[in-house]
Amino acid sequence: MIKADGIPPTVFLIDFGLAQLFCDPATCLHHPYTMGHSIIGTLPFTSVNGQQGSTQSRHNDLESLMYTIIYLVCGDLPWSYISTSRDHKAVL
Amino acid sequence: MPPSHSQISCVLVAGSGYGNCLVQVDLVSSTLTQAQCFSDISLGNVYLGRDIWTGGEVAVKIACSSDSMLGHEYRVYMTIAGSVGTPRLIWYGKEDMYKVIVLEYLGDSIGNLVNKEKFDRGKAFLYASQMVCLWYLCKTRSS
């Protein structure tokens, strides 16, 4: 979200329902890499690993952030036209 | 199941902990706002509310009380609260059979702004740099 009443306008981060810790607070160990998860989030902005069902972590957020920045600059994502699952698999 | 519009035509939240917040959810504008601004949220419904004490607009997120996600979201908001780029949390609590988060009303989503007009490079860079800072903030607060 962007609050436009300030100069410059400020970007705000919202909607943390799916946010999770990337490491165990007790052991400080990173969560293990696992497969077979369902895809969550907005598909065009989800990282490739996330779309393949892997555990998501910091680098996936960075990848999604890059997609968002491309979206800001270009006004669209080159792969946002993909709608069918067959096309989706072909691109991956 | 999220509440239907008729069910929440007038939800009153008597707050505690975060000051006295009395929120009225406006049926007409909530329908409008949900369609225009808040269409891409993942969980719960977000409505435009009005703080009866201050008269200011607030965002009210409502989910069924059996849904644990809103409680989780509240804890995440508390973890990152007070930083630039995080919305001010006005109230969180349970009202009737729903969990409710009341947040400061922000404005348009980036998706809406991009659809309205294409950003020039300078504006895109301004927002991108703020997003990188927010990414870094989340990572430092979650370890």
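## Around strand E6 of chain B

B:Val60 sits across from B:Val102, a residue of E6(B). That pairing is a handy place to start reading this predicted model. B:Val60 and B:Val102 face each other where strand E4 (residues 57-64) of chain B runs antiparallel to E6(B), a pairing that spans seven bridges.

E6(B) has another partner to look at: strand E5 (residues 89-95) of chain B, joined to E6(B) by six bridges, again in the antiparallel sense. Here B:Leu89 is the residue opposite B:Leu103 of E6(B). How much of E6(B) is buried? Six of the seven residues in this strand (98-104) are, so call it mostly covered.

## The nonpolar cores

The largest nonpolar core holds 27 residues, and the members touching the most others are B:Val58, B:Ala59, B:Val60 and B:Val102. Strands E3 (45-51), E4, E5 and E6, along with H4, all of chain B, are the elements that each give two or more residues to this core. Why does the core lie between domain 1 (1-107) and domain 2 (108-143) of chain B? Because both of those domains give residues to it.

Let's zoom in on B:Ala59. Leaving out residues up to four places away in sequence, B:Ala59 touches B:Val46, B:Leu48, B:Leu103, B:Tyr105 and B:Leu106. There's also a second, separate core, made of five residues, among them A:Phe16, B:Tyr77, B:Ile80 and B:Cys138.

## Two domains in chain B

The domain assignment splits chain B into domain 1, residues 1-107, and domain 2, residues 108-143. Contacts between the two involve seven residues of domain 1 and nine residues of domain 2. What classes of residue make up the domain 1 side that touches domain 2 of chain B? It has two nonpolar, four polar and one charged residues.

## Where chain B meets chain A

On to the contact between chains: 35 residues of chain B are in contact with 29 residues of chain A. On the chain B side, helices H2 (69-80), H3 (110-116) and H4 (121-141) each supply at least two of the residues that touch chain A. Which element gives the most to that side? H4(B) does, with 11 residues.

By class, the side of chain B that touches chain A divides into 20 nonpolar, nine polar and six charged residues. H4 of chain B therefore turns up in both stories: it is among the elements giving two or more residues to the largest core, and it gives the most to the side touching chain A.

Methods:
Residues are numbered from 1 along each chain as its sequence is written. Chains are lettered from A and ligands numbered from 1 in the order in which they are written. This is a predicted model: local features need pLDDT of at least 70, side-chain atom pairs count only at pLDDT 80 or more; totals for chains, interfaces and linings use all residues. Helices (H or I, at least four residues) and strands (E, at least two) are DSSP runs, numbered from the N terminus. Ala, Val, Leu, Ile, Met, Phe, Trp, Tyr, Cys and Pro count as nonpolar, Asp, Glu, Lys and Arg as charged, and the others, Gly among them, as polar. Domain bounds come from an automatic or database domain assignment. A residue is buried if 20 or more other C-beta atoms lie within 10 Å of its own, exposed if 12 or fewer, and partly exposed in between; C-beta atoms are placed from the backbone. Two strands pair if DSSP finds at least two bridges between them. A nonpolar core is a set of buried Ala, Val, Leu, Ile, Met, Phe, Trp, Tyr and Cys residues joined through C-beta atoms within 7 Å.
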